[in-house]
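Here is a walk through one protein chain, from its overall layout down to a few charged side chains. Have the viewer open and follow along.

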Amino acid sequence: LTQYLGMEEENLQLEPSISRQEIKIGDRFLLCSDGITDMLTDSEIAAVLAREVPVAETAELLVEQALQKGGRDNITVILCELAEQEQNWFRKLLSYFL
């Protein structure tokens, strides 16, 4: 983002980095600001993410730990966990025919 701010359109040359990975139920994906990454090490973040606690509580723990270490910047956390989709009545009915 910072590479684009204030640049003329003809000078924009940033290419996105795209990779594919296998995912499975229970995998967690974290999108956060430098308010987290500047205050916590990668291993501290990984330790919080590895805990078997609900997603909302995990996000709160990340914020709390960053604040305890000084919280010098704004702190933003988006945390998602891949969960199995519950079957509603339509999916259950459909599964009988497939």
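What follows goes from the whole chain to its core, its salt bridges and a surface patch.

**The chain as a whole**

Keep in mind that this is a predicted model. Its secondary structure comes to four helices and two strands, and reading along the sequence you get the pattern β-α-α-α-β-α. The chain has 98 residues, and buried ones make up 15% of them. The accessible surface adds up to about 8,400 Å², with 52% of that belonging to carbon and sulfur atoms. Contacts often span a long stretch of sequence: take those between residues at least 6 apart, and 66% of them join residues at least 24 apart.

**The core**

Where do the nonpolar residues gather? The largest nonpolar core has eight residues in all: I36, M39, L40, I45, V48, L61, L62 and A66. Helices α2 (42-50) and α3 (55-68) are the elements that give two or more residues to this core, and α3 gives the most, with three residues. As background, nonpolar side chains tend to be buried together in soluble globular proteins.

L40 is a handy member of the core to click on. Setting aside neighbours within four places in sequence, L40 is in contact with I45, L62, Q65, A66 and K69. I45, L62 and A66 are fellow core members, while K69 turns up again below as a salt-bridge partner of E44.

**Three salt bridges**

Side chains of opposite charge can pair when their charged atoms come close. How many salt bridges are there in this chain? The count comes to three, and here they are:

| Salt bridge | Closest N to O distance |
|---|---|
| K24 and D27 | 3.1 Å |
| R28 and E81 | 2.7 Å |
| K69 and E44 | 2.6 Å |

Start with K24 and D27. D27 sits in the segment before β1 (28-32). Is D27 buried or exposed? D27 counts as buried because its relative accessibility is 18%, below the 20% cut-off. Its partner K24 is exposed, because its relative accessible area is 55% and the bar for exposed is over 50%. So this salt bridge pairs a buried D27 with an exposed K24. The side chain of D27 also reaches the backbone nitrogen of K24, at 2.8 Å. Not counting residues up to four places away in sequence, D27 touches E22, C80, E81 and L82.

E81 leads straight to the next pair, R28 and E81, which meet in a salt bridge at 2.7 Å. This one links distant parts of the chain: R28 is in strand β1 and E81 in strand β2 (residues 77-81), 53 residues apart.

What else does R28 do with its side chain? A polar atom there lies 2.4 Å from the backbone oxygen of V53, and the side chains of R28 and T58 are joined by a polar contact of 2.9 Å. Beyond its neighbours within four places in sequence, R28 is in contact with L49, R51, V53, P54, V55, T58, L79, C80 and E81.

Now look from the E81 side. E81 counts as partly exposed, because its relative accessibility is 37%, which falls between the 20% and 50% cut-offs. With neighbours within four places left out, E81 is in contact with G26, D27, R28 and V55. V55 therefore appears in the contact lists of both R28 and E81, given that contact means heavy atoms within 4.5 Å. The C-alpha atoms of E81 and I25 are separated by 7.9 Å, although the two residues are 56 residues apart along the chain.

The last pair is K69 and E44. K69 lies in the loop between α3 and β2 and E44 in helix α2, so the pair ties together parts that are 25 residues apart in sequence. Both partners count as partly exposed, K69 with a relative accessible area of 42% and E44 at 24%.

**A nonpolar patch on the surface**

Which residues make up the nonpolar surface patch? W89, F90, L93, L94, Y96 and F97 do, and together they cover about 790 Å². To find the patch, look at L93, which lies in helix α4 (residues 89-97). At 41% relative accessibility, L93 counts as partly exposed.

Terms used
Residues numbered from 1 in each chain as written. Predicted model: local features only at pLDDT ≥ 70, side-chain atom pairs only at ≥ 80, totals over all residues. Heavy atoms only, no water. Buried < 20%, exposed > 50% of the residue type's maximum accessible area, 1.4 Å probe, protein only. Polar contact = N/O pair within 3.5 Å; in protein donor to acceptor, adjacent residues only side chain to side chain. Patch = residues over 30% accessible without salt bridge, like charges linked within 9 Å, V, L, I, M, F, W, Y side chains within 5 Å. Areas by Shrake-Rupley, 256 points an atom, 1.4 Å probe, with all protein chains shown as cover. Salt bridge = Lys/Arg side-chain N within 4 Å of Asp/Glu carboxyl O. Core = buried A, V, L, I, M, F, W, Y, C linked by side-chain atoms within 4.5 Å.
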